[in-house]
Amino acid sequence: MIDTTFDCARERAPASAPPLPEYMTEVYEWAYVRPRWVKFLDRNIVVKTLLFGNDERLIRAYLERIKPGMKVWQVAHVYGDLVRRAAECCGPMGRFMLSDVTPIQLQHARQKLQGMAWASVQHADAAHYSTNVSCDLVCSFFLLHEVPDSLKRKIVDNMLKQLPEDGEALFIDYHRPAWWQPVRYILKWVNRFLEPFAEALWHSEISTFASHPERFEWRKRTVFGGVYQIVQVRHKTTTAAQ
Ligand SMILES: C[S@@+](CC[C@H](N)C(=O)[O-])C[C@H]1O[C@@H](n2cnc3c(N)ncnc32)[C@H](O)[C@@H]1O
């Protein structure tokens, strides 16, 4: 089997890696692929600006789900210090696994997680990666809106496939803004020119991207006038025990 694991403690390079998906070079090259831009963009202030000041609120919705000792898979890297904070929440008794498809993003993630032996970075597509570990929490933080709909389905299915009976999947992403939310018009423009796959989340619930949504309990809340959604997913059988 091909080993594409970076052990943050030992700085091991991957033997092989999946190819960069087409949308990453055709749509997001400037944002995630070119090292010079990535160096400039990988800051908290950028995340804060992109999220209209809602960064901490959304990050908190993720971090408060992590208890020390948990095993967490975050399906893609995020700019700023989120990755390090999530790994810190897991702590040395837990595990933090991060996957991403872009070499420069993996490099940044590896730097951020240096010295945390319980954290690992995998060069893998979130649609296909298998953690081989029973995860307590699987989180997609603003990945779905960036991928084509066919890949949204694969990523959602892959995350849910790996969910143990008592595990939780968490999706934090864009949503359809309320009619009165002025940011709606800025985002319409951004989506049109920069984020061609984002508006699918305005029109479809994340559950509709799952092959078997009926097997899960979906709890959605929205914030900032509907601009963002936080969706918690659990197997139906375990919901009563929450
Ligand atoms: C999580 S998304 C956007 C997050 C947010 N805009 C931020 O502040 O970084 C960005 C990351 O997703 C990664 N990515 C894109 N497609 C992916 C896939 N299929 N599997 C795993 N990671 C992917 C990109 O390489 C990039 O590092």
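## Overall fold

Within the protein chain, 70% of the contacts with a separation of 6 or more are between residues 24 or more positions apart. The model is a predicted one. Its secondary structure comes to 11 helices and eight strands. The radius of gyration is 17 Å and the globule rule gives 18 Å for 242 residues, so the chain is as compact as a globular protein of that length.

Taken along the principal axes, the box filled by the C-alpha atoms is roughly 50 × 50 × 30 Å. Buried residues make up 36% of the 242 in the protein chain.

## Strand pairing

Strand β6 (residues 168–174) has two partners described here. With strand β8 (residues 228–235) β6 pairs in the antiparallel sense over six bridges, and in that pairing I172 stands opposite I230. With strand β5 (residues 137–141) β6 runs parallel, joined by five bridges; here V138 of β5 faces A169 of β6. Seven of the seven residues of β6 are buried, so this strand is largely enclosed by the rest of the structure.

Strand β8 also pairs with strand β7 (residues 216–223), antiparallel and through eight bridges. K220 stands opposite V231 of β8. The hairpin of β7 and β8 has four residues between the strands.

## Nonpolar core

The largest nonpolar core has 56 residues, and the members that touch the most others are V72, V75, V138, L143 and I155. V138 is thus listed in the core and also stands opposite A169 in the β5 and β6 pairing. In soluble globular proteins, nonpolar side chains tend to be buried together.

Which residues is V72 in contact with, leaving aside its neighbours within four places in sequence? The contacts are I66, A86, C90, F96, M97, C135, D136, L137 and C139. Among them, L137 belongs to strand β5 (residues 137–141), and F96 and M97 fall in β3 (95–100).

## Ligand surroundings

The ligand is surrounded by 23 residues, of which A76, Y79, T102, Q105 and A126 are the closest. Two elements give two or more residues to this shell, namely α4 (44–50) and β3 (95–100). By class, the shell has 16 nonpolar, four polar and three charged residues.

One of the closest residues, Q105, falls in the range of helix α7 (residues 103–112). P103 has its place in that helix. With 14 other C-beta atoms within 10 Å, P103 is partly exposed. P103 and L20 are 83 residues apart along the chain, and their C-alpha atoms are separated by 8.7 Å.

## Positive phi residues

Two residues that are not glycine take a positive phi. N132 has a value of about 60° and lies in the loop between β4 (119–123) and β5. F224 has a value of about 55° and is placed in the loop between β7 and β8, in the hairpin described above.

Are these loop residues buried, partly exposed or exposed? N132 has 7 other C-beta atoms within 10 Å and is exposed, because 12 or fewer such atoms put a residue in that class. F224 has 17 C-beta neighbours inside 10 Å and counts as partly exposed, since buried status needs 20 or more.

Conventions
Residues numbered from 1 in each chain as written. Predicted model: local features only at pLDDT ≥ 70, side-chain atom pairs only at ≥ 80, totals over all residues. Near = placed C-beta within 6 Å. Nonpolar A, V, L, I, M, F, W, Y, C, P; charged D, E, K, R; others polar. Core = buried A, V, L, I, M, F, W, Y, C linked by C-beta atoms within 7 Å. Contact = placed C-beta atoms within 7 Å. Rg over C-alpha atoms; globule rule 2.2 N^0.38 Å. Pairing = 2+ DSSP bridges.
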